[in-house]
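User: I've got this one open on my screen and I'd like to know what stands behind the labels people put on it. Can you take me through it?

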Amino acid sequence: MSNVRFIRAPNKLAELARGKGGLSAGEAVKRANVALERLKDASIAIIDENLALIDQTYGPGNPDRVNLSLDSLYDNASRIIDAGGGLPGSGLEECARKVCELVDRSRANHTRDWDAVDVHIATLKVLRAQGQSLTAAQRKSVLKGLSDVTTKRVGEG
Amino acid sequence: MTSLRRMLDGDKLKLEGVHFLLVDDNPHALDIMAQVVLGFGVRNMTKVESAAAARQAIARGGIDIVLTDGQMPEENGYQLTRWIRHEASESMRYVPILIITGHTPQSDVTLGRDLGANFTIAKPLVPRVLLQRLFWLSQEDRQFVLSDTYKGPDRRFKRLGPPSGTDGRREGDLKGEVGEASEPNLSQAQIDALMKPAKVVL
């Protein structure tokens with residue numbers, strides 16, 4: 001029979017964080033956003049670098065792509081998600097997440113659909129160029145379209 | 001509006017004495033994490049680019065919270081979480097763990113929870129989301145469960161509702177604060193009916 005114990009573990013974070021002084025939440029968030037701003041250019045450079053790699057490696061211009069695994073596509077898309085804070089409100093990181101989802105489902109369903117890949121890459125490029133100028137409803141519609149493409153061409157997750 | 005608004009308006013968090021362990025194989029993502037926690041006033045942090053290095057840092061002790069990427073080559077953040085809960089020293093075994101992950105399918109969230117992580121946060125890392133989770137952790141009084149198959153914070157967290165003063169993340173979360181009763185309270189008979197074991201007829 002399984003032996004289950006419940007204990008009160010020490011919450012040192014609580015002890016330390018509740019001490020006198022400290023930053024208000026608003027001030028902490030403000031300072032963190034200022035600190036992140038310093039990384040914005042580097043984030044955008046990483047986004048562009050990985051977008052270019054995706055396009056070169058998995059875009060329709062590379063006839064050898066059919067022989068490649070999709071692992072690098074997943075990794076490059078993950079890098080775009082990591083750096084997505086560099087272009088807030090563009091929908092780019094959400095699009096990159098959908099690329100990861102496409103790869104995941106392609107692996108799970110043992111299938112590969114290059115039309116679906118092309119649509120995702122084209123959408124990444126559009127959102128990089130114009131994502132921040134689209135309305136939230138437009139971005140949502142674009143991203144919903146990607147989910148539909150993945151489900152239709154590659155299958156359910 | 002929300003808990004977050006209230007949090008931003010008033011609450012204070014003193015993190016300068018808290019030692020953060022930041023783990024991510026991507027140096028840029030690690031920089032982002034570091035900048036965010038520096039902005040929160042954190043002065044003690046250890047940054048490492050692999051789970052193996054994280055294990056060494058934890059073995060040295062003195063870590064108060066772990067923020068780890070979920071997906072890393074060789075050994076990922078989920079495996080690291082499992083190691084901390086099962087194999088780290090007694091003093092480090094209960095350290096709060098936040099898994100930060102890019103592509104976050106439900107299966108990964110469930111996996112993180114079942115390995116004993118406190119929360120999972122989606123990338124890109126947004127300061128207000130991380131700070132909110134830190135507030136929650138600082139107020140958390142979940143019991144720790146130790147069993148053969150699971151070691152970590154009580155997973156029945158959802159039933160407890162969010163911490164007081166917050167509105168929660170899920171649509172169905174109840175408010176963290178109990179207000180004045182707006183309707184008559186339950187009668188003793190109703191309470192008894194809820195509490196009394198009843199014979200089940202099949």
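Analyst: Sure, starting with where the chains meet: 47 residues of chain A are in contact with 46 residues of chain B, contact being C-beta atoms, placed from the backbone, within 7 Å. This is a predicted model, where local features need pLDDT of at least 70 and side-chain atom pairs count only at pLDDT 80 or more, while totals for chains, interfaces and linings use all residues. Residues are numbered from 1 along each chain as its sequence is written, with chains lettered from A and ligands numbered from 1 in the order in which they are written.

User: Which helix gives the most to the side of chain A that touches chain B?

Analyst: That's H2(A), with 10 residues. Helices here are DSSP runs of H or I with at least four residues, strands are E runs of at least two, and both are numbered from the N terminus. The touching side of chain A divides into 23 nonpolar, 12 polar and 12 charged residues. For that split, Ala, Val, Leu, Ile, Met, Phe, Trp, Tyr, Cys and Pro count as nonpolar, Asp, Glu, Lys and Arg as charged, and the others, Gly among them, as polar.

User: Why does Ala35(A) count as partly exposed?

Analyst: Buried takes 20 or more other C-beta atoms within 10 Å, exposed means 12 or fewer, and partly exposed is in between. Ala35(A) has 19 C-beta neighbours inside 10 Å, so it counts as partly exposed. Ala35(A) sits in helix H2 of chain A and, leaving aside neighbours within four places in sequence, is in contact with Gln35(B), Val36(B), Leu38(B) and Gly39(B).

User: What about H2(B): which of its residues are buried?

Analyst: Ala29(B), Ile32(B), Met33(B), Gln35(B), Val36(B), Val37(B) and Gly39(B). Their cover includes helices H2 and H4 of chain A, along with strands S2, S3 and S4 and helix H6 of chain B.

User: Which residues have the most contacts inside the largest nonpolar core?

Analyst: Val36(B), Phe40(B), Val66(B) and Leu67(B), in a core of 50 residues. H6(B) gives the most to this core, with six residues. A nonpolar core is a set of buried Ala, Val, Leu, Ile, Met, Phe, Trp, Tyr and Cys residues joined through C-beta atoms within 7 Å.

User: What makes H5(A) and H7(A) roughly parallel?

Analyst: They pack at an angle of about 5°, with their axes 10 Å apart. Axes are lines fitted to C-alpha atoms, for helices over the stretch in contact, and angles run from 0 to 180 degrees between N-to-C directions. Under 35 degrees counts as roughly parallel, over 145 as roughly antiparallel, 65 to 115 as roughly perpendicular and the rest as oblique. H5(A) and H7(A) are therefore roughly parallel. The residues of their contact divide into four nonpolar, two polar and four charged.

User: Is His110(A) buried or exposed?

Analyst: Exposed, because His110(A) has 7 C-beta neighbours inside 10 Å. His110(A) is in the loop between H5 and H6 of chain A, and has a positive phi of about 50° although it is not a glycine. Most residues other than glycine have a negative phi, and most peptide bonds are trans.

User: Which residues does a cis peptide bond join?

Analyst: Lys123(B) and Pro124(B), with omega about -5°. Pro124(B) lies in the loop between S6 and H6 of chain B.

Definitions and conventions: Contact = placed C-beta atoms within 7 Å.
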